[in-house]
Amino acid sequence: MQYDVVVIGSGPGGYVGAIRCAQLGLKTAVIEKYKTYGGTCLNVGCIPSKALLDSSEHFHNAAHSFTTHGINLKDLKVDMKQMIARKDDVVSQNTAGITYLFKKNKIDAFEGVGSFVDKNTILVTKADGTTETLRAKNVIIATGSKPTALPFLPIDKKRIITSTEALNIKEVPKTMVVIGGGVIGLELGSVYARLGTKVSVIEFMPSIIGTMDAGLGKELQRVLKKSLGMEFFMGHKVTGATTKGKTVTVTADNAKGEPVKFEADYCIVAVGRTAYSEGLGLDKIGITVEERGKKIPVNEHLETSVKGVYAIGDVITGAMLAHKAEDEGIYVAETIAGQKPHINYNLIPGVVYTWPEVASVGQTEEQLKAAGVKYKAGSFPFKASGRAKASMDTDGFVKVLADEATDEVLGVHMIGPRAADMIAEAVVAMEFRASAEDIARICHAHPTYTEALKEAAMAATENRAIHI
């Protein structure tokens, strides 16, 4: 069968890229090795974790803040079976939506493992061993990533688990160790801490969410400790883990180099993700993955060293984010169609879906200092926000960084209620190269959380925030 484009992988990058190809009149096929579409994000990542985060937040609020609102409940308990069932239903709705979109856009879908015979020939090997051959003028590799494993810490998927298994624990554990203070570890740790689990986070670096602005990590650690009782062990190097019965023992060296032990019902290994390209047969077309991270090298047009073969998303360099993959899928589709798209990688926002949420776009203070850029900073705390006071969400702040000479916004960093949605305003402003003064002059509805962004912009411009 002959196609203009064959996409290998149906995650956010793959399915969005395929739909855009079809919209542009390109005959398109998608190869997916699993029975459902959507990749890690929809099946065992973004969507199910947000479903559990939402459910656990409802329970936590019912247990800890409803009485303040004048709502009294009795015999509050967690029905874990129902919570998992709701999560699974959310996943099913989303994956079924992609099936609908493929049919709507006349995209052919093939279930099996896609591998290169040559750069224009893809072999689809199905679960029963039968094969099918597709011919393609262009191929988009969108095979995503998998959880990173530590060679000295075997994952048994029962007590020592990854983020995938953490989405299906059938009871509320009494104790849990999370190895890794990044986005995945903190989100899943939050889910169980809200339900009553004593969660201990072990992190090698001196701060959590280390790639984001340092002030965000410091504030998030303070709030998670205060509101959820989570414990943090920074500067600890994990050396191993063993399971005996229903208990996991994690060994580590602390910041002083002394050996320490942690015992828990479960241990989630959340030390990052690794690009996944196994079984593609890249060697048959002359592509060699990078030794570190297993990434596929691409040029500025996301084309590999083989003409007509592109790669996007987690399998190439850059942030492992669903929305980054989506933008790259659209970028490649439009490039194949002869258009001139663009992606500004500096303006891809990062989000942590804890509560409070954390969001960031552009340069951090640490990056600006390292680059020798002269900047000015303005912050505004949510404890001074009328809307945040009304909803009892007063932890956190918004920080705006602007060029000292031109006032152009260089970075926006926030931790607080609905930061995941609020960050889009900053992205739009920065895409149009707005100044802090521009944001300060925009009328924001009152009372809203986004007023905090306006106040932070005012603080960055002649220190004239009104409500602090």
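**Domain composition, annotated binding site and sheet architecture of the predicted model**

Over residues 3-329, the chain is 31% helix and 27% strand, and the C-alpha atoms at the two ends of this stretch are 17 Å apart. The model described here is a predicted one. The stretch was chosen from a record: an unreviewed UniProt entry lists residues 3-329 under "domain: FAD/NAD(P)-binding".

The same kind of record also marks individual positions. In an unreviewed UniProt entry, the annotation "binding site" covers G180, G181, G182, V183, I184, G185, L186, E187, E203 and G272. These residues gather at one spot, because no two of their C-alpha atoms are more than 14.4 Å apart although the positions span 93 residues in sequence. Among them, I184 and G272 belong to the lining of the largest cavity.

Two of the annotated residues may be considered in turn. G182 is located in the loop that connects β9 (175-179) with α6 (183-195). Its relative accessible area is 27%, so G182 is classed as partly exposed, a class that lies between the limits of 20% and 50%. When residues up to four places away in sequence are not counted, G182 touches E203 and I209. E203 is itself one of the residues covered by the "binding site" annotation. I184, by contrast, is part of helix α6. With a relative accessibility of 31%, I184 also counts as partly exposed. Residues up to four places away again being set aside, the contacts of I184 are S163, A270 and R273.

These contacts of I184 lead to the enclosed space in the model. One cavity of 30 Å³ or more was counted. The largest cavity has a volume of about 40 Å³. Its lining consists of P147, S163, I184, V269, A270, G272 and R273. S163, A270 and R273 therefore appear both in this lining and among the residues that touch I184, contact being taken as heavy atoms within 4.5 Å.

Helix α6 also contains Y192. The relative accessible area of Y192 is 0%, so this residue is buried, the limit for that class being under 20%. Leaving aside neighbours within four places in sequence, Y192 is in contact with M80, A166, I169, E171, P173, M176, T197 and V199. One of these residues, P173, is 19 residues away from Y192 in sequence, and the two C-alpha atoms are 7.6 Å apart in space.

Strand pairing was examined next. Strands of a sheet pair through backbone hydrogen bonds, in either a parallel or an antiparallel manner. Strand β4 (residues 113-118) and strand β5 (residues 121-125) are joined in the antiparallel sense by five bridges. The two strands form a hairpin, with two residues between them. Within this pairing, F116 has I122 of β5 as its bridge partner.

A further group of five strands forms an open sheet with antiparallel pairing, in the order β18-β19-β22-β21-β20. At its edges are β18 (350-352) and β20 (375-381), each of which pairs on one side only. On average, neighbouring strands of this sheet are turned by 10 degrees against each other, direction ignored. Inside the sheet, β19 (residues 357-362) and β22 (residues 409-416) run antiparallel and are connected by six bridges. In this pair of strands, A359 is matched with M414 of β22 as its bridge partner.

Two helices lie across strands of this sheet. Helix α7 (residues 214-228) lies across β19, β21 (397-403) and β22, and runs at about 5 degrees to β22. Helix α11 (residues 419-431) lies across β18, β19, β21 and β22, and its angle to β19 is about 10 degrees.

Helix α7 also contributes to an open space in the model. The second largest pocket holds about 830 Å³ of space. Its lining comprises 29 residues, and E57, H60, N61, W355 and D393 are those that lie nearest the centre. The elements giving two or more residues to this lining are α3 (46-64) and α7. Helix α3 provides the largest share of the lining, namely eight residues.

Terms used
Residues are numbered from 1 along each chain as its sequence is written. This is a predicted model: local features need pLDDT of at least 70, side-chain atom pairs count only at pLDDT 80 or more; totals for chains, interfaces and linings use all residues. Side-chain values use heavy atoms; hydrogens and water are left out. UniProt positions are given in the numbering used here, feature names are shortened, and annotations may be inferred rather than shown by experiment. On a 1 Å grid over the protein atoms alone, a cavity is a set of points where a 1.4 Å probe fits but cannot get out, and a pocket is an open set with protein on both sides within 12 Å along at least five of seven lines; lining residues have an atom within 4 Å of a point. Helices (H or I, at least four residues) and strands (E, at least two) are DSSP runs, numbered from the N terminus. Buried means under 20% relative accessible area, exposed over 50%, partly exposed in between (1.4 Å probe, protein chains only). Two strands pair if DSSP finds at least two bridges between them. Axes are lines fitted to C-alpha atoms, for helices over the stretch in contact, and angles run from 0 to 180 degrees between N-to-C directions. Grid points are joined across faces, edges and corners, and a volume is the space filled by probe spheres set on the points.
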